[in-house]
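Colleague: Could you take me closely through a single part of this model, the three-stranded sheet, and go slowly enough that I can follow each step on the structure?

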Amino acid sequence: MGSESDRQPVPENPRQYVCPSCRLHLLSWTSHTNTVEMFHKVALWSDFWTGDVRLICQYCLGATEILPTVLVDLLRQRYGFHIPTPTPSPPGPRRS
Ligand SMILES: [Zn+2]
């Protein structure tokens, strides 16, 4: 019979990000409260061509799936993450 719980598939919340290589639990994100919990040291990585941002596990340097823009913004604001620019810059002689 019809129940009230079969209207929409509720997205997994909080969303868990796990390193695909070493299975470390890196981060959890509750989208409706904008809460991010970090469990391990991570870095952000942006794909060269697409600019898609992923998490990099600092333990084994494994990359997670692509992060939603909302989460990327949140990480930047709250944790001051620096996202490397996806445009390749030739290695200059020195920063002046
Ligand atoms: Zn890892």
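Modeller: Strands here are DSSP runs of E, at least two residues long, numbered from the N terminus, and two of them are said to pair if DSSP finds at least two bridges between them. Please keep in mind throughout that this is a predicted model.

With those terms in hand, the sheet you ask about is an open one, built from three strands in the order β1-β2-β3 with antiparallel pairing. Its edges are formed by β1, which covers residues 15-18, and by β3, which covers residues 35-38, and each of these pairs on one side only. Averaged over the sheet and with direction ignored, neighbouring strands are turned by 15° against each other.

Take the pairing of β1 with β2 to begin with. Strand β2 spans residues 25-30 and is joined to β1 by four bridges in the antiparallel sense. Within this pairing, R15 has W29 of β2 as its bridge partner, while Q16 stands opposite S28, also in β2. The two strands form a hairpin with six residues between them, and in its turn R23 has a positive phi of about 65°.

On passing to the other pairing, you will find that β2 and β3 are again antiparallel and are held over four bridges. Here S28 stands opposite E37 in β3, so that, if you centre your view on S28, you can look from there towards Q16 in the β1 pairing as well as towards E37 in the β3 pairing. This hairpin has four residues between its strands, and among them N34 takes a positive phi near 55°.

The residue I would dwell on is W29, which lies in strand β2. W29 counts as buried because 22 other C-beta atoms lie within 10 Å, and the term requires 20 or more. If neighbours within four places in sequence are left aside, W29 is in contact with P14, R15, V36 and L71; of these, R15 is the residue already met as the bridge partner of W29. One further separation is worth following on the structure: W29 and N13 are 16 residues apart along the chain, yet their C-alpha atoms are separated by 7.4 Å.

Notes
Residues are numbered from 1 along each chain as its sequence is written. This is a predicted model: local features need pLDDT of at least 70, side-chain atom pairs count only at pLDDT 80 or more; totals for chains, interfaces and linings use all residues. Axes are lines fitted to C-alpha atoms, for helices over the stretch in contact, and angles run from 0 to 180 degrees between N-to-C directions. A residue is buried if 20 or more other C-beta atoms lie within 10 Å of its own, exposed if 12 or fewer, and partly exposed in between; C-beta atoms are placed from the backbone. Two residues are in contact if their C-beta atoms, placed from the backbone, lie within 7 Å.
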